[in-house]
Amino acid sequence: MKVAFIGLGVMGYPMAGHLTKAGHQVCVYNRNRDKALAWQKEFGGDIATTPALAATGCDIVFACVGNDDDVRQVSLGDEGIFAGLSKGSIFVDHTTASAELAVELAAVADKNGQYFLDAPVSGGQAGAENGVLTVMVGGDESIFAKAEPVMAAFARFSQIMGPVGSGQLAKMVNQICFVNTVQGLAEGLNFAQKAGLDTDKLLDTIGKGAAGSWQMDNRGKTMCAREFDFGFAVDWVRKDLAIAFAEAEKLGADLTVTKQLDGYYQEIQDNGGSRWDTSSLISRFKK
């Protein structure tokens, strides 16, 4: 297919690359043109000077940018995605953003005779680079069915969660669950180190039981070594949690413990760890 990818950050850069490797004709747009030129040198494809020009003639346009305001900037207006997108074409937003924004953009698409899917991803930078992301999608099932085989270039699993906005709501649940998992792992590993246990043997053992998790398998040993220079940054998770807190306020959902963990992440930011991996919760404990 002819597709476009808007936003070449740590996620979008490899995701767009996987689309090229899968044989799709890809045009990219990035606000920092040097990054787009570097992407083109590595993967080939085309570069556009505006999101509208990138979207012109495309079957599907993907975007992965920073937040709600960034999505509006690249999608609305005379130079935005919707201005270039043809009738019947699909805009898939992989940004972690609000469910409210998803509904807003779906309304614009519907008015223009276009289609919109909110499709935040999980798996972090490593998942994007390895093409094994998980995608949570909100929108029409028939439109998802058209987009899913293309998303398979960078995703090992995609699921339609419900109507527009459901993908973003599912991503909020994902973030709530994983930060709580990380804190439990941090407390357990700190306990193990204080007790003098061999943490390599411990992780290999309890990882095969009820305590096992992706976080344990992929971050347990690096947490013990206090290595945080990779993965999903503290700045990013705090952005995501802020979205979840705003939604929880509307729903009347209790996120007391998650708010406490958000405070812990703020402590890490204040101590210079803004770009550390989210597993840095263990850094609050002295060895």
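**Domain annotations**

I started with the UniProt record, an unreviewed entry, which puts "domain: 6-phosphogluconate dehydrogenase NADP-binding" at residues 2–157. I kept in mind that the model I was looking at is a predicted one. In residues 2–157, I found 45% helix and 22% strand. The end C-alpha atoms of that span sit 22 Å apart.

Next I looked up the other annotation. UniProt, again in an unreviewed entry, has "domain: 3-hydroxyisobutyrate dehydrogenase-like NAD-binding" covering residues 165–283. I got 68% helix and 0% strand for residues 165–283. Here the end C-alpha atoms lie 35 Å apart.

**The chain as a whole**

I counted secondary structure for the chain and came to 13 helices and 9 strands. Then I wanted to know how the radius of gyration fits a compact globule. For 287 residues such a globule would have a value near 19 Å, and the chain has 20 Å, so the two agree. Along the principal axes, I noted a C-alpha trace spanning about 65 × 45 × 35 Å.

I checked burial too: 52% of the 287 residues are buried. The accessible surface came out at about 13100 Å², and carbon and sulfur atoms hold 51% of that.

For contacts, I took pairs at least 6 apart in sequence and asked what share is at least 24 apart. The share is 66%.

I also tallied charges. There are 26 positive and 34 negative side chains, and the centres of these two sets are 5 Å apart.

**Helix 1**

I moved on to helix 1, residues 12–21, and found it mostly covered, with 9 of its 10 residues buried. The buried ones are G12, Y13, P14, M15, A16, G17, H18, L19 and T20. After helix 1 comes G23, where I read a positive phi, near 100°.

**A153**

Where does A153 sit? I found A153 in the loop between helix 8 (141–151) and strand 9 (155–162). Leaving out residues up to four places away in sequence, I listed H18, L19, A22 and G131 as what A153 touches. Two of these names, H18 and L19, were already in my notes as buried residues of helix 1.

I then compared A153 with G188, which is 35 residues away along the chain. Their C-alpha atoms are separated by 37 Å.

**Helix 11 and what follows**

My last stop was helix 11, residues 214–224. Which residues of helix 11 are buried? I noted Q215, M216, R219, G220, T222, M223 and C224. I also looked up what the buried residues of helix 11 pack against, and the partners are helix 9 (166–194) and helix 10 (199–206).

I singled out T222, which belongs to helix 11. T222 counts as buried because its relative accessibility is 19%, and the cut-off for buried is under 20%. Setting aside residues up to four places away in sequence, T222 touches E227 and F230.

Helix 11 is followed by R226, which lies in the loop leading to helix 12 (234–251). I stopped at R226 since its phi is positive, about 55°, although R226 is not a glycine. Most residues other than glycine have a negative phi.

Conventions:
Residues are numbered from 1 along each chain as its sequence is written. This is a predicted model: local features need pLDDT of at least 70, side-chain atom pairs count only at pLDDT 80 or more; totals for chains, interfaces and linings use all residues. Side-chain values use heavy atoms; hydrogens and water are left out. Helices (H or I, at least four residues) and strands (E, at least two) are DSSP runs, numbered from the N terminus. The radius of gyration is taken over C-alpha atoms; the globule rule is 2.2 Å times the number of residues to the power 0.38. Buried means under 20% relative accessible area, exposed over 50%, partly exposed in between (1.4 Å probe, protein chains only). Contact means heavy atoms within 4.5 Å. Accessible areas come from the Shrake-Rupley method with a 1.4 Å probe; for residues, only the protein chains shown count as cover. Lys and Arg count as positive and Asp and Glu as negative; His and the chain ends are not counted. The place of a charge is taken as NZ of Lys, CZ of Arg, CG of Asp or CD of Glu. UniProt positions are given in the numbering used here, feature names are shortened, and annotations may be inferred rather than shown by experiment.
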